[in-house]
Amino acid sequence: MRFGAHISISGSIAKSIPRAIDLRCDTFQIFTRNPRSWVSKELTNERILEFKTNISSSDLKPVFAHMPYLPNLASPDPEMWEKSIFSLKEELNRCDLLEIPYIVTHLGSPKTTGKDKGIEKVIRSLNNAIANYEGKAIILLENTAGKNESLGSNIDDICNIITKTDVQNKLGLCLDTCHAFASGYDLRDQTVITKLIEQIDNCIGLNKLVLIHANDAKFDLGEGRDRHEHIGLGKIGEIGFKLLLKEKKLRKIPFICETPVDERRDGKGNLEYLRKLLEKAK
Ligand SMILES: [Zn+2]
Ligand SMILES: [Zn+2]
């Protein structure tokens, strides 16, 4: 199985690679830019070459990028919506320059306009962003914790969105375990996990589940609160992660931690924990 973590690009994007290797990652995720800004610094040829050279001399694969925080693909505000689509297109291009095969995005929030309008907006955003796109990157839609009217807390909704676009071959799913638990999927229960895998498989095919964000949850089941915790120290706990790692169907899918770094543990510690748990689950 391949395990990894979200890695900082502080200093230069190429610095993420030695950092990922230090943590003993097999795979990793980055922001290609400052995630809290609309403006992105252009990637110079030098930076691109440095990144690609570091990647090719490592065993790290695949690399995942995550969209910045500000874009909202479900926004009811036309200006914000246009800007968000532009931003997604921009990230697709950056992924191609860096030869990153996947970009993870949240669906956004329709604010007060309701879920149906939001879903329609997201479908149009995806169609629009990918319509004239000739690159190779695949967009992975991530499930959310379900607060602030954010879309995608129901994984069925995400699968349905994928089937309703004109660009299904350019889309996939990223399942965040903390978000799933926060939105009511009790991952400590085998029947819930089995049903979830079946639902995904029936709607879009399990091969479309490309990434698992392995995060434990600080808050309780269904509370809708998105606070990540170290693996095994949160409410999903060892029980839930052991069940997930027991699933042979999930073992082909990379698990990437977006867990905190504090005095209790760092990224490396969480990967070690997952690897030990996998041995126990086998
Ligand atoms: Zn995310
Ligand atoms: Zn996530």
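## Starting at the first strands

In β2, the residue that A5 bridges to is F28. That pair sits in a longer match: β1 and strand β2 (residues 27-30) run parallel to each other and share three bridges. Keep in mind as you look around that this is a predicted model.

Strand β1 (residues 3-6) has another partner too, pairing with β10 in the parallel sense over three bridges. Here G4 stands opposite I256 of β10.

## Closing the barrel

So where does this pairing lead? Follow the strands around and you get a closed barrel of eight, in the order β1-β2-β3-β4-β5-β6-β7-β10, with parallel pairing. On average, neighbouring strands of this sheet are turned by 30 degrees against each other, if you ignore direction. Helix α3 (residues 78-98) packs on the sheet, where it touches β3 (63-66) and β4 (102-105), and its direction makes about 150 degrees with that of β4.

Which strands bring β10 into the ring? One is β1, as above, and the other side of the join is strand β7 (residues 209-213), which runs parallel to β10 (residues 255-257) and is held to it by two bridges. One of the pairs there is I212 with F255.

## The chain as a whole

The protein chain has nine helices and 10 strands in its secondary structure. Its C-alpha atoms fill a box of roughly 50 × 45 × 30 Å along the principal axes. The radius of gyration is 18 Å, and since a compact globule of 282 residues would come out near 19 Å, the two agree.

Buried residues account for 44% of the 282 in the chain. The contacts also reach a long way along the sequence: of those between residues at least 6 apart, 74% join residues at least 24 apart.

## Strand β4 and the core

Strand β4 is worth a click. It pairs with β3 in the parallel sense over three bridges, and one of the matches is A65 with I103 of β4. Which residues of β4 are buried on each side? Y102 and V104 are buried on one face, I103 and T105 on the other, so both faces of the strand are covered.

Two of those names come back in the largest nonpolar core, which has 75 residues: Y102, I103, L140, L141 and L173 touch the most other members. Helix α4 (residues 115-131) gives this core its largest share, six residues. For a feel of the packing, pick L141: leaving out residues up to four places away in sequence, it touches T105, L107, G152, I158, I161, I162, L171, L173 and C174.

## Two sides of helix α5

I158, I161 and I162 from that contact list also turn up among the buried residues of helix α5 (residues 155-164), which are I155, I158, C159, I161 and I162. They span an arc of only 155 degrees around the axis, so they lie on the same side of α5. An α-helix has 3.6 residues a turn, so residues three or four places apart point the same way.

What covers the buried residues? The cover includes α4, β5 (138-142), β6 (171-176) and α7 (190-203). Turn to the face away from the buried side and you find the exposed residues D156 and T163.

## Loops with something to look at

The loop between β4 and α4 holds G114. Is G114 buried or exposed? It has 11 C-beta neighbours inside 10 Å, and because 12 or fewer counts as exposed, G114 is exposed. G114 and E149 are 35 residues apart in sequence, yet their C-alpha atoms are 7.9 Å apart in space. K111 lies in the loop between β4 and α4 as well; it has a positive phi of about 55 degrees although it is not a glycine. K111 is partly exposed, with 16 other C-beta atoms within 10 Å.

R24, in the loop between α1 (16-22) and β2, is another residue other than glycine with a positive phi, near 65 degrees. With 14 other C-beta atoms within 10 Å, R24 is partly exposed. Lastly, check the peptide bond between K61 and P62: it is cis, with omega about -10 degrees. P62 is in the loop between α2 (45-56) and β3.

Definitions and conventions: Residues are numbered from 1 along each chain as its sequence is written. Chains are lettered from A and ligands numbered from 1 in the order in which they are written. This is a predicted model: local features need pLDDT of at least 70, side-chain atom pairs count only at pLDDT 80 or more; totals for chains, interfaces and linings use all residues. Helices (H or I, at least four residues) and strands (E, at least two) are DSSP runs, numbered from the N terminus. The radius of gyration is taken over C-alpha atoms; the globule rule is 2.2 Å times the number of residues to the power 0.38. A residue is buried if 20 or more other C-beta atoms lie within 10 Å of its own, exposed if 12 or fewer, and partly exposed in between; C-beta atoms are placed from the backbone. Two residues are in contact if their C-beta atoms, placed from the backbone, lie within 7 Å. Two strands pair if DSSP finds at least two bridges between them. Axes are lines fitted to C-alpha atoms, for helices over the stretch in contact, and angles run from 0 to 180 degrees between N-to-C directions. A nonpolar core is a set of buried Ala, Val, Leu, Ile, Met, Phe, Trp, Tyr and Cys residues joined through C-beta atoms within 7 Å. The arc is that of the directions from the helix axis to the C-beta atoms.
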